[in-house]
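Student: I should like to work through this structure by question and answer. May we begin with the chain as a whole and then turn to a single residue?

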Amino acid sequence: MTGTRRTVAALFLLPALVLLGALVVYPIGYSLIRSFYDQSGDSFAGFDNYEALFTDDGIRTALKNNILWVVFAPTVATALGLIFAVLTERVRWGTAFKLVVFMPMAISMLAAGIIFRLVYDQDPDKGVANAVWVGVHDTFAESSAFPKAHPGRESPLEPAGGGAFVTKEPVGTGEVISLPLVGVAPDLMPDSAKKAVPAEPEDGKITGTTWQDFTRGKGVGKLGGVDPAELGYAGMKIEAVKDGKVVASTKAAGDGTFTLPAEADGALLRLPADNFKEPYNGLDWLGPSLVTPAVIGSYVWMWAGFAMVLIAAGLAGVPRELLEAARVDGANEWQVFRRVTVPLLAPVLAVVAVTLMINVLKVFDLVFIIAPGSSQDDANVLALELYRKGFASDQPGIASAISVFLLLLVIPVMWFNVRRLRREVRR
């Protein structure tokens, strides 16, 4: 009877064992053997492929980035999951909030990568991240309306260094100064700009006009003169400079006219560089310095919901008497959270963090999709480098060595996770 039961059990296990051998054991064994051969697969290469893991620049960058992933991604995702789980526990709409936070888990890595490729777009009109960043920046820092403006032909202005322009000759009281500029398209002029008008002389003062000295149409308008269709540079800042010091300053009106006091007599008029600085265009999220944190941010967006759900399940099993006892003893909510809730949730937090560590060691999709070609080397990770070596560079020996190295990195974390789970079952 015992032999019959063993045979039946073996027959039931056979399909699973065949699949396990074909899909797991055989690929691991083949990769291990292939990692000791050269790229052609004909000659034994010894440990040369493994030596490349620590000498190849691309692999070293990938290894460094994987360390950043393992340290920051699980930590941030677990911390956010803990915060969300605790804060929404007593909120009436907490279930709806948890549903929204968990929803990204229903999206594939491919779709999430495409979404965040658009989120991180450099153009604030397309990328949400830069739209928010530019909006915050422009709230506190005024941007220029004339980033492309510059003196035209036969202009009384000349470059003063640093992006500023200054008059070639000093000015005197009673004079009318013309400061014509070009370079700003009429449809990009500020809304406050009005039709430019020539300034009138005033005794004891210096007056003038600064305007867009350009009228559409061949042969239309007079160079250096204010024409009816031309607009004034509303808000243009003008400074009077003597011996390197600003003695007076003003801003042009909507029609481009301005007035300076008698202190400006004998000074040079300067249009400071602030008038012409390029508008703030946000951060280069997918540039070499920020691409890895940006991709990690997209991963956290996806997996914080996973962490929150597991931690919320653990939180539901925490004895409420312990929390109430701590409050009765005089502990505030922060002390209850730090000294009671977190220690009781430590096993759950460890399982979540270790599970995410295993997951990030294999991350590939997000990096491959989000990082542009110009920054992909800087965002490289081991799984992506394995793909690049095995398929793009046709170096299967090194790719096999990377896969074995990844397996060796994952095994200790998996062993720790399984051991902890078994310990929890015994309890």
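**Surface, overall form and one buried residue**

Tutor: Let us start with the surface of this predicted model. The protein chain exposes about 24,000 Å², and 63% of that area is supplied by carbon and sulfur atoms.

Student: What radius of gyration does the protein chain have, against that of a compact globule of 427 residues?

Tutor: For a compact globule of 427 residues, a value near 22 Å would apply. The C-alpha trace spans about 120 × 75 × 40 Å along its principal axes. The radius of gyration of the protein chain is 34 Å.

Student: Which share of the contacts with a separation of 6 or more joins residues 24 or more positions apart?

Tutor: The chain in question has twelve helices and eight strands, and buried residues make up 39% of its 427 residues. Of its contacts with a separation of 6 or more, the share from residues 24 or more positions apart is 69%.

Student: How far apart do the centres of the positive and negative side chains lie?

Tutor: The two sets comprise 38 positive and 42 negative side chains. Their centres are separated by 14 Å.

Student: Is Glu239 buried or exposed?

Tutor: Glu239 belongs to strand β5, which covers residues 237–242. Leaving aside residues up to four places away in sequence, Glu239 touches Val246, Ala248, Ser249, Leu268, Leu269, Arg270 and Pro272. The cut-off for burial is a relative accessible area under 20%. Because its relative accessible area is 9%, Glu239 is buried.

Note on methods: Residues are numbered from 1 along each chain as its sequence is written. This is a predicted model: local features need pLDDT of at least 70, side-chain atom pairs count only at pLDDT 80 or more; totals for chains, interfaces and linings use all residues. Side-chain values use heavy atoms; hydrogens and water are left out. Helices (H or I, at least four residues) and strands (E, at least two) are DSSP runs, numbered from the N terminus. The radius of gyration is taken over C-alpha atoms; the globule rule is 2.2 Å times the number of residues to the power 0.38. Buried means under 20% relative accessible area, exposed over 50%, partly exposed in between (1.4 Å probe, protein chains only). Contact means heavy atoms within 4.5 Å. Accessible areas come from the Shrake-Rupley method with a 1.4 Å probe; for residues, only the protein chains shown count as cover. Lys and Arg count as positive and Asp and Glu as negative; His and the chain ends are not counted. The place of a charge is taken as NZ of Lys, CZ of Arg, CG of Asp or CD of Glu.
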